[in-house]
Amino acid sequence: MDAIRPELIYVDGHFESGEAVVLDGRSVESVIDAADLSAGANVDNWGRVALLPGTVNAHGHAFQNLFKGFADDRAFESWRDDVLYPFSERLDGDAIYAGALFAFAEALLAGVTTTVDFFYLHDEGNENAEQVIRAARELGIRLVFARTFYDRDAPTGAPARFRESPEDAAERTLELAKAHEGDPNVSVQPAPHSLHAATPETIALALDVAARLGVPCHLHLAEAAYERDQVVARYGTTPVRLLEREGLLRANLVTIHTVWVDDEELDMLAEAGTGVVHCPGANAFLGDGVARLPEMLSRGLRVGLGPDGGCANSRQSVFDEMRMASLMAKARLRDGGALDARTAFALGTTGGADLLGVNAGNVRPGNRADLVALDLDDLSLHPLATLEHQMVNSMQPTAIERVMVGGETLVERGRLTRMDPAEIRARVAEVTRKWGRP
Ligand SMILES: [Zn+2]
């Protein structure tokens with residue numbers, strides 16, 4: 001029997017002491033009183049740490065990490081047309097691999113154990129996707145690869161390499177899922193890009209592919225005001241009402257952002273059991289607005305958190321998104337009680353895991369052994385009497401001492417165990433060297 005012995009364990013919303021986590025290979029077998037560990041148990045004493053579930057990034061675009069800083073401080077149109085689209089044309093397979101290593105390494109160091117990569121640099125195939133999956137596998141992070149459906153004839157200025165026919169997207173998604181079937185660390189899930197890049201028919205096809213695979217389906221929705229206006233102009237109704245009208249509001253749909261929605265649309269989402277990924281950092285960074293998180297939660301909507309792409313936030317930390325979610329709810333509603341730390345923490349752990357269909361987010365028997373250990377001597381966690389608040393509101397990255405995915409330690413004393421960061425730095429420098437300064 002292998003067991004981990006920390007000082008504290010966060011279980012179901014509070015810290016407990018005197019307990020040990022018993023592992024069964026890649027999973028948690030039980031959480032027991034440390035005094036009950038058998039004499040022959042192989043106990044790994046992690047010392048003065050608080051053990052948490054690993055955090056779950058429910059929305060990101062890893063390649064965009066290479067564009068950090070190039071797209072900052074711009075209006076959305078310039079962010080997209082002057083940086084995102086043209087820079088996306090410059091990435092070959094090696095650069096896509098480098099971007100994924102870069103984002104996933106930063107994520108692991110920030111305590112992320114599961115990450116979504118919502119990916120659309122297809123070049124009419126899956127070779128680029130395999131570069132992202134290779135990077136995740138080499139670093140050991142758990143990956144939900146959200147393979148995008150981006151219509152060939154979508155009325156946007158997006159590069160051709162994003163685009164495919166819906167039938168090709170469906171076939172390639174199924175092929176990719178088949179290629180990685182049975183891999184405990186990789187899940188392939190369909191992701192129609194958005195209502196400006198995928199027709200209702202494409203979204204219906206992607207939902208069917210998701211149902212066939214038994215996984216969720218991801219869709220950017222109502223991120224910015226312009227997008228809502230475009231949907232109204234093209235379809236004569238608002239984004240959520242359009243999905244409802246077309247029979248696309250389903251329980252396996254996960255909508256990303258979901259900022260520009262009214263009360264009735266929130267009711268429709270709740271009624272359908274549709275999930276939402278809240279991206280407060282990116283929504284603020286790009287000037288989208290503030291999603292109505294407390295109103296979503298009061299309706300029982302399932303919500304997770306996502307930092308989003310590197311150049312739409314410049315951060316990979318879900319702990320940061322917890323803090324942002326709480327602060328922005330308080331600021332918007334002018335109510336310091338609008339969203340507490342415990343709720344914010346749950347969104348970034350159990351909330352995300354639930355949306356993605358991953359057995360994680362809680363230190364519980366049967367779940368993946370995806371864990372984060374915080375150094376209880378780190379000043380940013382003190383006073384320890386109110387630790388559950390500190391880990392959301394006050395914690396600095398120096399407190400993240402260990403990160404484990406599927407029973408394997410991938411970060412130890414704040415350092416990656418599987419790869420030298422110098423290799424990642426060199427790859428990032430090689431890709432970005434020619435770009436000069438924005
Ligand atoms: Zn996104």
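This report describes a parallel sheet, a helix pair and a set of antiparallel strands in a predicted model.

**The parallel sheet and its helix**

Four strands, arranged in the order β6-β7-β8-β9, form an open sheet in which the pairing is parallel. Strands β6 (55–57) and β9 (186–192) stand at the edges, and each has a single partner strand, so one side of each is left without a neighbour in the sheet. From one strand to the next, the twist averages 15°. Within this sheet, strand β7 (residues 112–119) is joined to strand β8 (residues 142–149) by six bridges, the two strands running parallel, and T115 has L143 in β8 as its bridge partner. Helix α3 (residues 127–139) packs on the sheet, where it touches β7, β8 and β9, and the direction of α3 makes about 170° with that of β8.

**The pair α4 and α5**

Helix α4 (residues 166–179) packs with helix α5 (residues 200–213) at an angle of about 20°, and their axes are 10 Å apart. Angles under 35 degrees count as roughly parallel, and α4 and α5 are therefore roughly parallel to each other. Their crossing is right-handed. On the α4 side of the contact stand P166, A170, T173, L174 and A177, which meet E201, T202, L205, V209 and L213 of α5. Sorted by class, the residues in the contact of α4 with α5 are seven nonpolar, two polar and one charged.

**Strand β14 and its partners**

Strand β14 (residues 371–375) is mostly covered, with four of its five residues buried. Strand β5 (residues 42–53) runs antiparallel to β14 and is joined to β14 by five bridges, while strand β15 (residues 400–405) pairs with β14, also in the antiparallel sense, over four bridges. One residue of β14, L374, appears in both pairings: L374 is the bridge partner of A50, and L374 in turn has I400 in β15 as its bridge partner. In general, strands of a sheet pair through backbone hydrogen bonds, either parallel or antiparallel.

The strand pairings for which bridges are described above are set out below.

| Strand pair | Sense | Bridges | Example of bridge partners |
|---|---|---|---|
| β7 and β8 | parallel | six bridges | T115 and L143 |
| β5 and β14 | antiparallel | five bridges | A50 and L374 |
| β14 and β15 | antiparallel | four bridges | L374 and I400 |

Key
Residues numbered from 1 in each chain as written. Predicted model: local features only at pLDDT ≥ 70, side-chain atom pairs only at ≥ 80, totals over all residues. Axes fitted to C-alpha atoms, helices over the stretch in contact; angles between N-to-C directions. Parallel < 35°, antiparallel > 145°, perpendicular 65-115°, else oblique. Left-handed = near helix turned anticlockwise from the far one by under 90°. Contact = placed C-beta atoms within 7 Å. Nonpolar A, V, L, I, M, F, W, Y, C, P; charged D, E, K, R; others polar. Buried ≥ 20, exposed ≤ 12 C-beta atoms within 10 Å, placed from the backbone. Pairing = 2+ DSSP bridges.
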